[in-house]
Every structure is written in structure tokens, then in C-alpha cells.
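Reader: Could you take me through one part of this model up close, at bench-talk level? I'd like to see what sits beside what, and then what lies around the ligand.

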Amino acid sequence: MRRSYLAELAIPGHKVPVRACVDESNPPIWLFPSVGEYPVYDDFLYDVMIKDERRTGRYTEAVRRHAPGRTVLDIGTGQDAVWALAAARAGARHVWAVEVIPESARIARKTIEEAGFADRITVVEGLSTEIELPEPVDMCVSEIIGTLGGSEGAGPVLRDARERLVKPGGVFIPHRGATTAVALDLCGATGGELPGFPSATFGFVEEIFAAVGRPFDLRVCLGGLQDVPEVRERSYLSGPVEVEPLEFNGELRPEGVDRAELTFTRPGRFSGLALGMRLWVAEGSVPIDSLFEWSNWTPVYAALSEEGLPVRAGDRFAFEFTTTISDDGVHPDYALVGELHRESGPAVPLRWSSAHHGDGFRETFFYRRIFPEA
Ligand SMILES: C[S@@+](CC[C@H](N)C(=O)[O-])C[C@H]1O[C@@H](n2cnc3c(N)ncnc32)[C@H](O)[C@@H]1O
């Protein structure tokens, strides 16, 4: 039975066929747009995040440890104001809960009122980078970590918070983030067929295209990869490396070039990278690792080769990973340039890029296959 078929997205003024996946109840691997870097949060997404117990548990514990007696800034409080409420319940003196999506800010205000904390939590609607506080706060909590560590803008946003909104020496939760990469054999995971988008995800793709103003080659995640050990064993060809380090309590560098090298640990067909994130919520805590355990953060697929390049154990992929902040001043554009070094033959140059709101549409084989021309 075919697992994918062609559907059409509802994009005013554009005809955009999309590769969809048939078996929506349990497809082995499916596509999902990277959503966190666009204003498309809804009940479903907020709910998935709150139900991510590893994330919610570690944040709650860190907030409870640091908030008592302190003034707190919660950047991106969301409709449930989870960290703002946790801080107030733990005895924070006052919490400023900032949220850019107006509807989420409205619901947060109501949730806080109903919980009886309206006198200790002030909801501020807007972008944290554009607001003023009456005085700098003692600590800042935020969960604006993307599918790639910095893709939701944590670098520029938290650097701005440190410069303007938080007292010198103030505590930041989370403590550290990074983007991670492993070499991937996509066929190993899918059995050969390119995965598709479940129809339930079409709405997010449509909303992201609407937010940017046109269809473009948006960042795409692979669902079903991270949490099933057998799928990882069939598809991961190397151990992980880290790029884009983000030291929220140290020297925060939102832009830069990181060099890394992956060594293949077994033979396979190298089709691209699975890119994920590691997040140390508190100093010394065990990181959340989106490439190796289930979480609400799903690995991004960086497609490098359509057919997959044969590799053996000991071959290497050396690459440079460049992060530059896009013209919105917050969200990064990413570019990866690398060389595959095999036992014999010349090095093979490979590249991938992913702009937050790039102009290009169907620029590479991957996007031409997932959004085929009519
Ligand atoms: C990943 S959600 C987290 C929601 C909630 N804090 C939680 O952890 O469950 C990120 C939220 O931050 C908001 N956001 C992102 N960047 C922001 C900024 N610079 N200022 C205000 N809100 C922001 C988004 O609209 C979204 O509601």
C-alpha cells in the first residue's frame, strides 16, 4: 500500500501540491513543519509542550529553586503562563509575563486571574525586545528554544533581556542550549519512500506561509525518528556533535560559525543530517536531547543527497555551521557547508541552508519532492 499521496494546500493565490502521508494513525516517519519560530501557536501546540513532562518538570524545579523572594521576567509566557504561575506559587515577589501573540496574552491574563495571582503577575502584551519594565528584575525564565537550539530567537532575545531587563548577575533559566547533529540514512528510517505531511499538519504549513507572505522552503522536521530506538539504529550513521552553543548565563553569542566533524560508525547511505537541540534547563542538570528521546522538539531534516551517498565506518563528514540573524533581528538563518571524506575517491562537497523567511521555493531536490509542481 502506498504510504504517501499528493494533496493540495489552501494558499490564496498559489497552487501548492504537497506530499501527504496516508497512514495518519501510525506512519513510521512523517514530516512536520518547524513551527516554534512563527506566530502559529494554538491549543494543540501549547498542550503538547505542557505534556512534555521532562521539559515541564525540569523547568518547574528550576523555577521553584530560584524564584522565592525574587522579581521574575517570564519571556513568552504562552496562554497557560506556566512558569509565571510556578514562580508566583513559589513565592516570587512579582512576575512580569510577556507574550507577543495577543490571543495567548489575553488567555494568560484570564488564567492568572482565575488562579488568584493577578496582583503578583503582570501580563505584558508584546515582544520582549520592544517592552520596558519599571525596573530590572532578578531573574528571567523563558522557553523560546527551537527545534534547532536558537531557531526561535533565544540568542538575540535573551541577550537583549540581559542588557536591558535583568539586573547584572541575574539568573537565566534555561542555563545553556545547543544545536546537535547526527549523520542520517533516511532510507534506513523510511524503507525508501520519502515521507509526507499528515493532513493534520497542513494547517501549520499554510499558516507559516501566510505569516511569511508566500510559500517558501520552510524548515521541516522528521516525526517518529527520535523516540524509537530501532528507528534510530536503522537511520543514525554517527554519534552526535554540537554546534550553535548558547550560554544563557555566560557569554551569549547568537551569531557565528562552528566547525564540527561526524565520523560514520557503520555503513549506510548518507542522505543528510538530523539536527536537534540539547537543553540544560539548570546548571548541572541532565540535558534534554531531542535527537535521542521523545520531546516536543522534533529533529529537523537537513537534506544533503537525494539518493544517499554510500559510506563506511570510519568515513567522515566535516562541516561549517553558520548562524546569522535574519533581517527581523531575532530569528536566525542557518547555512551548512561540508565535505564528505571517504576511504577512496575525492571529497564530496555538500551544502544545506535554511532561512527563517527566505525567498526561495522548491530550490532543492528535497523541496521539489515534498512540494512538487502541479
Ligand atoms: C515555546 S512557547 C512556550 C510557552 C510557555 N512558556 C511554555 O513553556 O509552555 C514560546 C512562546 O513565547 C512567545 N514568544 C516568543 N518570543 C517572544 C518574545 N521575544 N517576546 C514575547 N513572547 C515571545 C511565543 O508567542 C510563544 O507563546
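**A strand and its partners**

Author: Let's start with E9, which nine bridges join to strand E14 (residues 272-280), the two running antiparallel. Quick caveat: this is a predicted model, where local features need pLDDT of at least 70 and side-chain atom pairs count only at pLDDT 80 or more, while totals for chains, interfaces and linings use all residues. Numbering starts from 1 along each chain as its sequence is written, and side-chain values use heavy atoms, with hydrogens and water left out.

Strands here are DSSP runs (E, at least two residues), and helices are too (H or I, at least four), numbered from the N terminus; two strands pair if DSSP finds at least two bridges between them. Along E14, Met277 is what stands opposite Thr179. Strand E11 (residues 241-247) is antiparallel to E9 as well, joined by five bridges, with Leu246 opposite Gly177. Nine of the nine residues of E9 (residues 176-184) are buried, so the strand is largely enclosed by the rest of the structure. Buried means under 20% relative accessible area (1.4 Å probe, protein chains only).

Now the ligand. Its nitrogen atoms have polar contacts (N or O pairs within 3.5 Å) with the backbone: a backbone N or O atom of Gly76 is 2.8 Å from one ligand nitrogen, a polar backbone atom of Ser128 lies 2.9 Å from a ligand nitrogen, and for a backbone N or O atom of Val100 the distance is 3.2 Å. Of the 590 Å² of accessible area the ligand has on its own, the protein covers 95% (Shrake-Rupley method, 1.4 Å probe). Helix H1 (43-50), helix H3 (82-89) and strand E5 (94-99) are the elements giving two or more residues to the shell around the ligand.

Methods:
Buried < 20%, exposed > 50% of the residue type's maximum accessible area, 1.4 Å probe, protein only. Polar contact = N/O pair within 3.5 Å; in protein donor to acceptor, adjacent residues only side chain to side chain.
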